[in-house]
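Reader: I am new to this structure and would like to go through it slowly, one question at a time. Could you show it to me before we begin?

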Amino acid sequence: MQVHHGLSTLQFLRPSIRRRRTVRCCSVNGSDKSQQRKSSVYPFSEIEPRWQNHWDENRTFKTPDEIDLSKPKCYILDMFPYPSGAGLHVGHPLGYTATDIISRFKRMKGFNVLHPMGWDAFGLPAEQYAIETGTHPRITTKRNIDRFRTQLKSLGFSYDWDREISTTEPDYYKWTQWIFLQLLKRGLAYQAEVPVNWCPALGTVLANEEVIDGLSERGNFPVIRKPMRQWMLRITQYADRLLEDLEGLDWPDSIKEMQRNWIGKSQGAEIEFPVSGFTGNGNTGNGNTGNGSTGLGSLRVYTTRPDTLFGATYLVVAPEHELLSSLISEEQREIVEEYIELASRKSDLERTELQKEKTGVFSGSFAKNPVNGEIIPIWVADYVLGGYGTGAIMAVPAHDSRDFEFATKYEIKIIKVVDNENVDDNNINGAYEGEGILVNSSSESSGLDINGLSCKDAALKVVQWLENTSQGKKKVNYKLRDWLFARQRYWGEPFPVMFLEDSDEMIPLSDVDLPLTLPELDDFTPTGTGEPPLAKATSWVKTVDPKTGKPARRETSTMPQWAGSCWYYLRFMDPKNSEALVDPAKERYWGPVDIYVGGAEHSVLHLLYARFWHKVLYDIGVVSTKEPFQCLINQGLILGEVEYTAYKDKEGNWVSVDSDANLTEFSQHKIPPEMVTKVGENYVLKEDQKIKINGRAYKMSKSRGNVINPDDVVFEYGADSLRLYEMFMGPLRDSKTWSTGGIEGVHRFLGRIWRLVVGPARPDGSPPAGSLVSSDAGPPTVRQLRLLHKCIAKVTEEIEETRFNTAISAMMEFINAVYKWENLPKEVIETFVLLLSPFAPHICEELWSRLGNSSSLAYQPFPQAKSEYLKESSIILPVQINGKTRGTIMVEKDCSEEEAFNQALKDEKIAKYLNENEIKKRIYVPGRILNVIIVPQKVAKS
């Protein structure tokens, strides 16, 4: 953006513009810099609060319950924020600004827009704060919500605040509990004894994602695996539908692939391996040895590659496999039990991480490969999970990289059974996992021969043989597990069930008894026994079954934080309804969410859980669509400002990072930005540009001290500058690095627009009244309209494609052109203000008002580009001097003779023939040629 370019044509009209710039540039110094900038650019600190109050008082963005159903709708939603005590940092408004631009744009395009905001406010952080400080989480949550709301309003977001909801309000979680009861009725909610990530210090069960290296993500407390009776939801019953319905969604391919991988559908076979040296009977009755085996002394495995069965040289069972204790020999018991203990401290994500070194121990038992009778060892390894498949696998190290790594480490036999003539065995340093022809795969004793078959044909033949011999069967499997739906914490939704004291029978509450509200507690600390804090509310826990009058007790676990965020998008459609979760007519009109914007970190679980609940609600007739979110956009991260690091040796001399020396031997030094410059792709010291240094931007975090508070940015530059800068930084979906210098540029751009329309500040610093733009400027020229409508077309297209940065660039180019105009037609300036308003609504509302409009521009029609002004109108016109072509000029196709001549005067090569020479005649053929006849003796030499 060129700030000074293009002012010459306006200097005689507004000489104060140039003087103001000079004064501002010269006077900015020291601690008064921000105040000088505020008074000299434009008075945003007065404008923004005034228009925010106007929108609040007039409820400008309220979506009425009774709407014109003939108009198109657009439901635009931000992912439900958790109101943390830290408030917003500048990364949060990135997605919020994008949805606000779209919302404002759609309103102006004549859509009914639903753009609400609320709070996913249950959760562990508020409860931990309560434990540490004694402050009730309700108080903390309310305070945090108030802070978030204030910050969001200060940025001018056009939310319908009349629809604000919080998951912690009984009127809301009444319907969360109601949904749980529907799951219960359909057999989709049940209780089971499952191994969970138990954190004694936090006193709660943690999800896998909340455990890092055996420690809780929050607080770094030790986490162990412990069996506990928990509520579970049968999301696995919806696995196929969750996969199939991804196809019709306008989501990023990467997010769809993450969902597919999490569901993890695979086709293969379950195979029975007879156990040799079985050290215990493992019998659970009726000849069934429990999950993972069928018949006394066999181990059931699941494999996706039955074609490689002849290459199986060992088996691996998960450390939590229920038959493992019977498989351990006395000689191996101590070492195996020690290994099981170590594995219990790891999350499933850590155990299955591909990069980690594989570990395991021999169980002491063996099994027989059913196809060739080979006796193979049974190992225990934590890279196998008890919850996936049968909790046991057959290992084929020649054709699985994970098995190859393990077999190589523990010197287990490797047998090649798939050959590919296009692959040189000598060049393979690991497993070959591709397709090929089967080799070493026949047995006289079993009668199975698959040598020479393709992998696909071999797999089919092996499965058929397994089924014919009752040693296995075809099987479809999923990585997806049922959803563990309980937390041992206070601050969550209570389960609407009770248990009879005499029989432990579970009794669901009736709908009329909802909501079951949380009791007041003063002590939120963990019980230390695994019992949730709610167990301390004895008068609440003890109850009576209203139907039988029998004594009963309430469930003391609470629902996970995911519960409230699974369906909130539906409540926004009808937030005050006390009779139903959502009115069917309103759901049919507003559903599904048209545009859903949030971080990619929610790409798996939140979206998967919400889709699951939505499909259940679809099955029972509550919603009319199969999917909740039609279009998904993931905004990128905003990283902190670049941090610079340099190195010094013991003598205090700088060491370049590209030196051959080992940098760990030198001392590190943080370098302030003013000491750094960039040369090519490298950061270097200004004082010695031979010294290269490291420059890196990090994710914003309190621990790094690189968090930028939006309140500070709004105070110094204004909300419109922050909004505009975050959209101008780069493509919405990309990660970007914050730069305070960058926001200065967009702030000056808004200042240019202000001065263009309003004029410079008065001597006392106050803004002038009214506007410099009036109807007296006359109608716009064709050229001005062409520039305007090209800008309209560009901005419209870029908003619709969410390319906001290039839309802003187009408007900057337009303003650069406007500064060269002799006049400012009101029609053009008003149209531009409307065009800019979705991006910078405060300044645009103020300018719109100063241009003589009495109502808000929020619902003014968005400018439409007219096709007649979009056609290419510039041509290259030859210019002749006395009949000889001396150059060409770029002009409008329908320009006048005078305009063409003036353009020729600006061309240095042509002008030398015309200046100070007598012009006898001009011959102009529009669109063809300009011929200037001059007195021959005064023709300049070429």
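Author: Before we turn to strands, it helps to know that two strands are said to pair if DSSP finds at least two bridges between them. The model shown here is a predicted one.

Reader: Which residue of strand 23 is the bridge partner of Thr 543?

Author: Strand 22 and strand 23, the latter covering residues 551–554, pair in the antiparallel sense over three bridges. One residue to look at here is Thr 543, whose bridge partner in strand 23 is Ala 552.

Reader: What is the order of the strands in the open sheet of four strands?

Author: The edge strands, each pairing on one side only, are strand 21 (506–508) and strand 22 (542–544). Neighbouring strands of the sheet are turned by 40° against each other on average, with direction ignored. The pairing is antiparallel, and the order reads 21-20-23-22.

Reader: Which helix gives the most to the largest nonpolar core?

Author: The largest nonpolar core has 91 residues, and those with the most contacts inside it include Met 811 and Leu 836. Leaving aside neighbours within four places in sequence, Leu 836 is in contact with several residues, among them Leu 724, Ile 753 and Met 811. With nine residues, the element that gives the most to this core is helix 24 (residues 804–818).

Reader: Is Cys 199 buried or exposed?

Author: Cys 199 lies in strand 3, which runs over residues 189–199. Leaving aside neighbours within four places in sequence, Cys 199 is in contact with residues including Leu 206, Phe 221 and Val 223. Because buried means under 20% relative accessible area, Cys 199, at 0%, is buried.

Technical notes
Residues numbered from 1 in each chain as written. Predicted model: local features only at pLDDT ≥ 70, side-chain atom pairs only at ≥ 80, totals over all residues. Heavy atoms only, no water. Helix = DSSP H or I, 4+ residues; strand = E, 2+ residues; numbered from the N terminus. Axes fitted to C-alpha atoms, helices over the stretch in contact; angles between N-to-C directions. Core = buried A, V, L, I, M, F, W, Y, C linked by side-chain atoms within 4.5 Å. Buried < 20%, exposed > 50% of the residue type's maximum accessible area, 1.4 Å probe, protein only. Contact = heavy atoms within 4.5 Å.
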